[in-house]
Amino acid sequence: MANLQPHADTPMLLRIARIHDAAQGIRSLEFEQPDGSELPPFTPGSHIKVQVPNGLLRKYSLCNDASERHRYVIAVKRDAQGQGGSMSLCDDAKEGDLIPVGVPDNAFALVDNAKAYVFIAGGIGITPILSMIRSFGELSNAKWKLYYFTRSPETTAFLKELQAPEFKGKVKIHHDFGDPAKAFDLWPVLERPGDTHVYCCGPRGLMEAVRDMSGHWPATKMHFESFNEGGEVRADDKPFDVVLKGTGKRFQVPVGVSILNVLRQHGCNVPSSCESGTCGTCRTTLVSGEADHRDMVLLPEDLAHQVMICVSRAKSTELVIDL
Ligand code: FES
């Protein structure tokens, strides 16, 4: 196991109080203070950074009720095709271990006073949405509906809880059994924008489909969260250079590393939050070069002169950005 010590991103050393299987291939982990004291508060939709046993830093949404002050709960999908972070946490972490954890941050905040909410979750994307639903409590008048898409009942985290009688009529769970032809048709849900806020978290394909179907919605009512920190690595990804207009400094951006992280490694601090292309915090002016946009934020008219440096890459051999 790597030497897990608190550092700037993960200043708290928390104890893993409980681990259990939330579904096939999905583990739930609960963290608490070693002395049982209160944890820093969080709001629904928040995430924490966790340094997993092999040393990698990973970001996970909190799925418990934000009114709970003594525990953080996450659910982790064991991804054998990933970069090893989820496998390390699922396979190597044990109850009682002390793990460095960051203070909660929220790049997917729930608007307080919406007339209605539509939640769209794909797979493990249910986690931040579960925290939102739990925050409504039993007495809430909030009008909401959840559409939750998974492969099969066995791979559906929190299935029992979401099938409870109090959620009758509010939760639609749909399994496609891996067959795209069995995908749920969301068009009737998104056809008519109203006073509703839409929260969508899931795989890239689901989020892009929802974004494409909601182009006629006000952007302020559409909220996306990706669990793919730094963006996914694609087979045809290539290294490229990023050049800072202000100083003329040039850095290479390797495959599998974001522009944001390259800048950080060279001591250049740019504001960020979600680090998955959904919140808009790292928006940067693109001076020249052709970006390979991979975010969910920029509008068509922004694409030629802005870039979200936490996920986007380059189609050209270099990008000059206004830093
Ligand atoms: S940090 Fe959120 S879009 Fe880049």
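Buried means under 20% relative accessible area, and exposed means over 50%. The exercises below use a predicted model.

**Exercise 1.** Which residues of helix H1 (residues 85-92) are buried, and what covers them?

Solution.
- Step 1. Apply the cut-off to H1: Gly85, Ser86, Ser88, Leu89 and Cys90 are buried.
- Step 2. Look for contacts to these residues. The cover includes strand E2 (26-32), strand E4 (57-61) and strand E5 (72-77).

**Exercise 2.** Phe158 and Phe177 are to be compared by backbone angle, place and burial. Is each one buried or exposed?

Solution.
- Step 1. Take phi. Phe158 has a positive phi of about 65°, and for Phe177 the positive value is about 50°. Neither residue is a glycine.
- Step 2. Locate them. Phe158 lies in the loop between strand E8 (143-150) and helix H3 (159-162). Phe177 sits in the loop between strand E9 (171-175) and helix H4 (187-190).
- Step 3. Apply the cut-offs. Phe158 has 14% relative accessibility, so it counts as buried. Phe177 has a relative accessible area of 52% and is therefore exposed.

**Exercise 3.** Describe the fold of the protein chain as a whole, starting from its helices and strands.

Solution.
- Step 1. Count the elements: the protein chain has 6 helices and 18 strands.
- Step 2. Compare the radius of gyration with the globule rule. The radius is 20 Å, close to the 20 Å that the rule gives for 323 residues, so the chain is as compact as a globular protein of that length.
- Step 3. Check burial: 49% of the 323 residues count as buried.
- Step 4. Turn to contacts with a separation of 6 or more. Residues 24 or more positions apart account for 66% of them.

Key: Residues numbered from 1 in each chain as written. Predicted model: local features only at pLDDT ≥ 70, side-chain atom pairs only at ≥ 80, totals over all residues. Heavy atoms only, no water. Helix = DSSP H or I, 4+ residues; strand = E, 2+ residues; numbered from the N terminus. Rg over C-alpha atoms; globule rule 2.2 N^0.38 Å. Buried < 20%, exposed > 50% of the residue type's maximum accessible area, 1.4 Å probe, protein only. Contact = heavy atoms within 4.5 Å.
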